[in-house]
Amino acid sequence: MSKYQQIHLEDYIQSGEGGQAITYTRKDGSALAKLFQYGLGSETVEREYLISKAVYEAGIPCPKPIRLVTDGERFGAEYEVIANKRSFTRIISEEPEQLEPLTLKFARLGKQLHSTPANTEVFPDMKEVIRPWIKKSTCISEPLRVRLLGALDSIPSPKTCLHGDFHIGNIITNGEKDYWIDLGDFSYGAPEWDFSMNFYLAYYIPSEYMDQLFHIDNATFRKHWDLLVKTYYGIQTLQEQRSYEKKLLKFTALKYAYNFSKRHNGQGEPNPRAEGLVHAFLDGKAPGCFE
């Protein structure tokens, strides 16, 4: 607790909500506090804060981390406020005509990030971010654990930067400069890690979650996804896109299992439906998608 400085929420106004955290902006505009959900361990919070500091110090555009904070029940951190900022998803929800130009910009910024050499003494291999959660989680059955660890070991680890939670909700702009946010899984490795969950979002996320997390509908995200992969990889045909998406399935299986385990803090019983989907991905299948 000594690492965390106490804040009082009467000094803040709630300004956002994501899958694992709620953000609050100080009424004087001096900082933004991101408080994680109840029960999430301080280890996860501190990791995101320290990684964010390292990203900022590496010169990659992101809000400056300020300090670790707590409201007495939840843990989090304060960050620099980017005045007049909006996420790319928020802009698209309010100005649908911005879908194409912002997707093209996102593809360009993603390529720039993925071509940036990573300091491997500071940033972890994405495989080693995922591995402990796969190994320890009671949410994963033993047969699936064996398959996942085998798949993980088969993936190469190029020494270039990854965002770790790469999607258009995690980039903000003030109209002059763009900033990456939610950097807790920033790491290095193959770009397919960053694209894998976008594939999942494009084809599998329920509509209510799409609206809650991204403020857009599934059809809009699918349009974004189709344009993103075509722009980033120079894909010309639907056949080429399907071939690329099949290459993502192993990464998607691992990221989905990791996120599921992390969301439940590694505790609980295996979910047969979730495990069935992960097994299908590992088998090179995408149920209800493009088969």
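**Exercise 1. Find the residues that threonine 23 is in contact with, leaving aside its neighbours within four places in sequence, and decide whether threonine 23 is buried or exposed.**

Step 1. Keep in mind that you're looking at a predicted model. Start by locating the residue: threonine 23 belongs to strand β3, which covers residues 21-26.

Step 2. Skip the neighbours within four places in sequence, and the contacts of threonine 23 turn out to be Ile13, Gln14, Ser15, Gly16, Leu32, Ala33 and Lys34.

Step 3. Now check the burial. Threonine 23 has a relative accessible area of 18%, and buried means under 20%, so threonine 23 counts as buried.

**Exercise 2. Work out where leucine 35 is and what it touches.**

Step 1. Look in strand β4, residues 32-36, and you'll find leucine 35 there.

Step 2. Its relative accessibility is 1%, so leucine 35 goes down as buried.

Step 3. List what leucine 35 touches, again not counting residues up to four places away in sequence: Ile7, Leu9, Gln20, Ala21, Ile22, Tyr24, Val69, Asp71, Arg74, Phe75 and Gly76.

Step 4. Try a distance too. From C-alpha to C-alpha, leucine 35 and proline 65 are 13 Å apart in space, with their places 30 residues apart in sequence.

**Exercise 3. Describe the surroundings of histidine 163.**

Step 1. Go to the loop between β8 (161-162) and β9 (171-173), where histidine 163 is found.

Step 2. Its relative accessible area is 0%, so histidine 163 is buried.

Step 3. Look for a polar partner: the side chain of histidine 163 reaches the backbone oxygen of isoleucine 181 at 2.8 Å.

Step 4. Add the other residues it touches. Among them are Leu113, Asn170, Trp180, Asp182 and Phe186.

**Exercise 4. Take helix α11 and say what is at its ends and which of its residues are buried.**

Step 1. Begin at the N-terminal end of α11, which asparagine 271 caps. One of its side-chain oxygens lies 3.0 Å from the backbone nitrogen of arginine 273.

Step 2. Run along the helix, residues 272-282, and pick out the buried ones: Ala274, Glu275, Leu277, Val278, Ala280, Phe281 and Leu282.

Step 3. Here's a handy idea for reading that list: an α-helix has 3.6 residues a turn, so residues three or four places apart point the same way.

Step 4. See what those buried residues pack against: α5 (142-153), α6 (192-203) and α10 (249-263).

Step 5. Finish just past the helix, where glycine 284 takes a positive phi of about 80°.

**Exercise 5. Which rings have the charged end of a lysine over them, and how many aromatic pairs are there?**

Step 1. Find tyrosine 232: the charged end of lysine 111 sits over its ring, 5.5 Å from the centre.

Step 2. Do likewise for tryptophan 133, whose ring has the charged end of lysine 136 over it, 4.3 Å from the centre.

Step 3. Count the aromatic pairs, and you get 22 in the structure.

**Exercise 6. Sum up the protein chain as a whole.**

Step 1. Count the secondary structure: eleven helices and eleven strands.

Step 2. The radius of gyration is 19 Å, close to the 19 Å from the globule rule for 291 residues, so the chain is as compact as a globular protein of that length.

Step 3. Box it in: along the principal axes, the C-alpha atoms fill roughly 55 × 45 × 40 Å.

Step 4. Check burial for the 291 residues, and 51% count as buried.

Definitions and conventions
Residues are numbered from 1 along each chain as its sequence is written. This is a predicted model: local features need pLDDT of at least 70, side-chain atom pairs count only at pLDDT 80 or more; totals for chains, interfaces and linings use all residues. Side-chain values use heavy atoms; hydrogens and water are left out. Rings of Phe, Tyr and Trp (its six-membered ring) pair if their centres lie within 6.5 Å; planes under 30 degrees apart count as stacked, over 60 as edge-to-face and the rest as tilted. A charge sits over a ring if NZ of Lys or CZ of Arg is within 6 Å of the ring centre and within 35 degrees of the ring normal. Buried means under 20% relative accessible area, exposed over 50%, partly exposed in between (1.4 Å probe, protein chains only). Helices (H or I, at least four residues) and strands (E, at least two) are DSSP runs, numbered from the N terminus. Contact means heavy atoms within 4.5 Å. A polar contact is a pair of N or O atoms within 3.5 Å; within protein, one must be able to donate a hydrogen and the other to accept it, and residues adjacent in sequence count only if both atoms are side-chain atoms. The radius of gyration is taken over C-alpha atoms; the globule rule is 2.2 Å times the number of residues to the power 0.38.
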